Amino acid sequence: MKINDIFSFSRVITEENLARYIELSRDNHPLHTSVEFAHKYGFKKNIVPGMLVATCFSELVGVHLPDRNYFYLSQTLTFHHPLYVGTMITVSAMTEHISETTGIATLKSKITDKFGKLIISGQMRVKKLKSTS
């Protein structure tokens, strides 16, 4: 990993993803489960929980960073716009700083929809794993 490296992938949050997240998190707020409730508050339809969308950052760290040898230390999140089930998103992060001493890298992270609208932004800190053998 080097400064200004960009890592990304795209995916769609499905109805099945939403149902499984609601089951695991027990976040069954009607904003996520009821189109009628969502309409009442100005949304086109029920929205995907922001924390479900944010779990995509975990995939970025665990699967898409080089050599798959980094683990999470922290993540900040700012939620900008709602996301609806079935919308293609792009999850990306750009390396801003790397400490050669500690092996900790700071990356600017974001999730955008297929139109480029910012859904979530933040900053992640990851640490490079060191082999003991």
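The legends below describe an overview and several close-up views of one predicted protein model.

In this predicted model, local features need pLDDT of at least 70 and side-chain atom pairs count only at pLDDT 80 or more, while totals for chains, interfaces and linings use all residues. Residues are numbered from 1 along each chain as its sequence is written, and side-chain values use heavy atoms, with hydrogens and water left out.

**Figure 1. Overview of the protein chain.** The secondary structure comes to five helices and six strands. Here helices (H or I, at least four residues) and strands (E, at least two) are DSSP runs, numbered from the N terminus. From the N terminus on, the order of elements is β-α-α-α-α-α-β-β-β-β-β. The C-alpha trace spans about 55 × 30 × 20 Å along its principal axes. Of the 133 residues, 38% are buried; buried means under 20% relative accessible area, exposed over 50%, and partly exposed in between (1.4 Å probe, protein chains only). Among contacts (heavy atoms within 4.5 Å) between residues at least 6 apart in sequence, 64% join residues at least 24 apart.

**Figure 2. Close-up of helix 1, residues 15-25.** Leu18, Tyr21 and Ile22 are the buried residues of this helix. Seen down the helix axis, they fall within an arc of 100°, so they line one face of helix 1. The arc is that of the directions from the helix axis to the C-beta atoms. Glu16, Arg20, Glu23 and Leu24 are exposed on the other side of helix 1. The cover over the buried residues includes helix 2 (30-33) and helix 4. Arginine 26, which follows helix 1, has a positive phi, near 65°.

**Figure 3. Close-up of histidine 32 in helix 2.** With 10% relative accessibility, histidine 32 counts as buried. Its side chain reaches the backbone oxygen of isoleucine 47 at 2.9 Å. Not counting residues up to four places away in sequence, histidine 32 touches Leu18, Ile22, Asp27, Asn46, Ile47, Val48 and Pro49. Two of these residues, Leu18 and Ile22, are among the buried residues of helix 1.

**Figure 4. Close-up of helix 5, residues 56-64.** The buried residues of helix 5 are Cys56, Phe57, Leu60 and Val61. Because they cover an arc of only 150° around the axis, they are on the same side of helix 5. These buried residues pack against strand 1 (6-12), helix 4 (50-54), strand 2 (70-75), strand 4 (88-98), strand 5 (104-113) and strand 6 (118-128).

**Figure 5. Close-up of serine 109 in strand 5.** Serine 109 counts as buried, at 1% relative accessibility. A polar contact of 2.9 Å joins its side chain to that of glutamine 75. A polar contact is a pair of N or O atoms within 3.5 Å; within protein, one must be able to donate a hydrogen and the other to accept it, and residues adjacent in sequence count only if both atoms are side-chain atoms. Leaving aside neighbours within four places in sequence, serine 109 is in contact with Phe57, Gln75, Ser92, Ala93, Ile120, Ser121, Gly122, Gln123 and Met124.

**Figure 6. Close-up of isoleucine 6 in strand 1.** At 60% relative accessibility, isoleucine 6 counts as exposed. Apart from neighbours within four places in sequence, isoleucine 6 is in contact with Ala93 and Met94. The C-alpha atoms of isoleucine 6 and lysine 128 are separated by 17 Å, and these residues are 122 residues apart along the chain.
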